[in-house]
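Hi everyone, thanks for making time for this one. Let me put the structure up on the screen, and then we can walk through it together.

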Amino acid sequence: MNAMTEFADDQSIALGAPVGVTIENVAKDFGDSPALHGVSLDVHAGELVALLGPSGSGKTTLLRILAGLEAPSSGRVLFGGEDTLGLPVQDRNIGFVFQHYALFRHMTVFDNIAFGLTVRRRRDRPASAEIRRRVLHLLDLVQLSGFEKRYPAQLSGGQRQRVALARALAIEPRLLLLDEPFGALDAQVRRDLRRWLREIHDRTGHTTFFVTHDQEEALELADRIVVMSKGRIEQVGSADDIYDRPASPFVFSFIGESSLLPVEITDGTVLVDGAPSGLSFGETGTRPATLGFRPHDVTLVSDDGPAIRGRVVAERRHGARRRLELQVGPKQLRAEIDVEVEASRAIGSLVAFQPERWRIFPA
Ligand SMILES: Nc1ncnc2c1ncn2[C@@H]1O[C@H](COP(=O)(O)OP(=O)(O)OP(=O)(O)O)[C@@H](O)[C@H]1O
């Protein structure tokens, strides 16, 4: 039986079936500085959505608005089609896990997980036997059975975050908000925990917003990824959409490794630094654009035909291949390409290459 069904059979507390969330044109200003500019997003019940973006892009602000900790300057948030305006935090039935949302140090693991249920008003509070059953079930779900009598200080960082997640799930939230929950943990533990979180999500089915600035985490975890920059949504899509069909140079460069070069398109020929690159893009007329490609998606070509040419300014071992850092053209544009380990080049030598896969973003 999955956790949702099990809890759903239990009518002793106000239940929180997962809700769909609609964010309508939400803006937020802090004084003069806008943190969000008219953000709109539809998330359906049970979906796991990652909010991904660099520092300051507005991810946490959006999460805090969903939580009711912050009011939008304009726009609306709807849970299951209902406007949340004026709905206080405590009535939103939301589970939180924050990077720095510490467990209660003086409480055992059991009491930490039970906390959200024990502080409920008497008429909404489950009987203590029911609370116990539920906490033990959650400990099993987060794979910490037998740890209930420990204190947070006796747990590893990863175990503490699993307890924090169990605590968030205990109230059977309508919505789960996770703000960089694994941010403070080392890389291997992060990888293990995100696989584990995905499994938990598949079993429990909570509508979940997950804030991260780690693209690998977002690509691996989420049903859909919301890429944010400077208070705006740049793109919403699956990992494949975002990686293979980026909507903007920002998304292209933020997701995966990339090189971006300003180019000119003249009657279908892509000119790099004024010279034909061997790439064509079906347009007549002349217009500026940005060419994007990934370092691993290029081939070296002979120097006498059309190509992109760059001078090697640095090289380093990059996994199974060798990465060359190139300076392209007199404007000293930077590009990176990967070549076979044997194809090492002297610093200062000229390299001619063509991307095999690439994108043009018209200016
Ligand atoms: N309480 C506040 N008062 C004033 N400005 C704020 C406040 N909270 C956030 N901001 C500003 O709003 C913008 C968005 O911040 P936010 O914390 O939402 O970004 P973020 O994408 O979550 O960043 P990070 O990854 O660093 O946490 C930033 O420019 C930030 O300085």
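I'll go through the sheet, the hairpin, the ligand shell and then the helix packing. Please keep in mind that what you see is a predicted model.

Let's begin with the sheet. It is open and has 6 strands, in the order E6-E7-E8-E3-E9-E10, and the pairing is mixed. At the edges sit strand E6, residues 94-98, and strand E10, residues 232-237, each of which pairs on one side only. From one strand to the next, the twist averages 15 degrees.

Now look at the E6 edge. E6 runs parallel to strand E7, residues 175-179, and 5 bridges join the two. If you want a landmark there, find phenylalanine 98, which stands opposite aspartate 179 in E7. Helix H5, residues 157-170, packs on the sheet here and touches E6 and E7, with its direction at about 165 degrees to that of E6.

Which strands does helix H2 lie across? H2, residues 59-67, crosses over strand E3 (48-52), E6, E7, strand E8 (207-212) and strand E9 (224-229). Relative to E7, H2 runs at about 150 degrees.

H2 also brings us to the ligand, since H2 gives the most to the shell around the ligand, with 3 residues. The residues around the ligand are Phe30, Ala35, Gly53, Ser55, Gly56, Ser57, Gly58, Lys59, Thr60, Thr61 and His213. By class, that shell divides into 2 nonpolar, 8 polar and 1 charged.

A quick stop at the hairpin. Strand E1, residues 21-30, pairs with strand E2, residues 33-43, in the antiparallel sense, over 7 bridges. One pair to pick out is isoleucine 23 with its bridge partner in E2, leucine 41. Between the strands of this hairpin there are 2 residues, and glycine 31 takes a positive phi near 60 degrees.

Now for the helices around H5, taking three partners in turn. What is the angle between H3 and H5? Helix H3, residues 109-118, packs against H5 at about 25 degrees, with the axes 7 Å apart. An angle under 35 degrees counts as roughly parallel, so that is how H3 lies relative to H5. On the H3 side the contact is made by Val109, Asn112, Ile113, Ala114, Phe115, Gly116 and Leu117, and on the H5 side by Val163, Ala166, Arg167 and Ala170. Those residues divide into 8 nonpolar, 2 polar and 1 charged.

Next comes helix H4, residues 128-141. The axes of H4 and H5 come within 10 Å and cross at roughly 135 degrees, and the two helices are therefore oblique to each other. Here Arg134, Val135, Leu138, Leu139 and Leu141 in H4 meet Ala166, Leu169 and Ala170 in H5. This contact has 7 nonpolar, no polar and 1 charged residues.

The last partner is helix H6, residues 187-204. Its axis and that of H5 come within 11 Å and cross at roughly 20 degrees, which makes H5 roughly parallel to H6. H5 contributes Gly157, Gly158, Gln161 and Leu169, while H6 contributes Val189, Leu193 and Thr204. By class, there are 3 nonpolar, 4 polar and no charged residues in the contact of H5 with H6.

As for handedness, H5 passes H6 in a right-handed crossing, the crossing of H4 and H5 is right-handed, and the crossing of H3 and H5 is right-handed.

That's the tour, and thanks for listening!

Conventions
Residues are numbered from 1 along each chain as its sequence is written. This is a predicted model: local features need pLDDT of at least 70, side-chain atom pairs count only at pLDDT 80 or more; totals for chains, interfaces and linings use all residues. Two strands pair if DSSP finds at least two bridges between them. Helices (H or I, at least four residues) and strands (E, at least two) are DSSP runs, numbered from the N terminus. Axes are lines fitted to C-alpha atoms, for helices over the stretch in contact, and angles run from 0 to 180 degrees between N-to-C directions. Two residues are in contact if their C-beta atoms, placed from the backbone, lie within 7 Å. A residue is near a molecule or strand if its C-beta atom, placed from the backbone, lies within 6 Å of it. Ala, Val, Leu, Ile, Met, Phe, Trp, Tyr, Cys and Pro count as nonpolar, Asp, Glu, Lys and Arg as charged, and the others, Gly among them, as polar. Angles under 35 degrees count as roughly parallel, over 145 as roughly antiparallel, 65 to 115 as roughly perpendicular and the rest as oblique. A crossing is left-handed if the near helix is turned anticlockwise from the far one by less than a right angle, and right-handed if clockwise.
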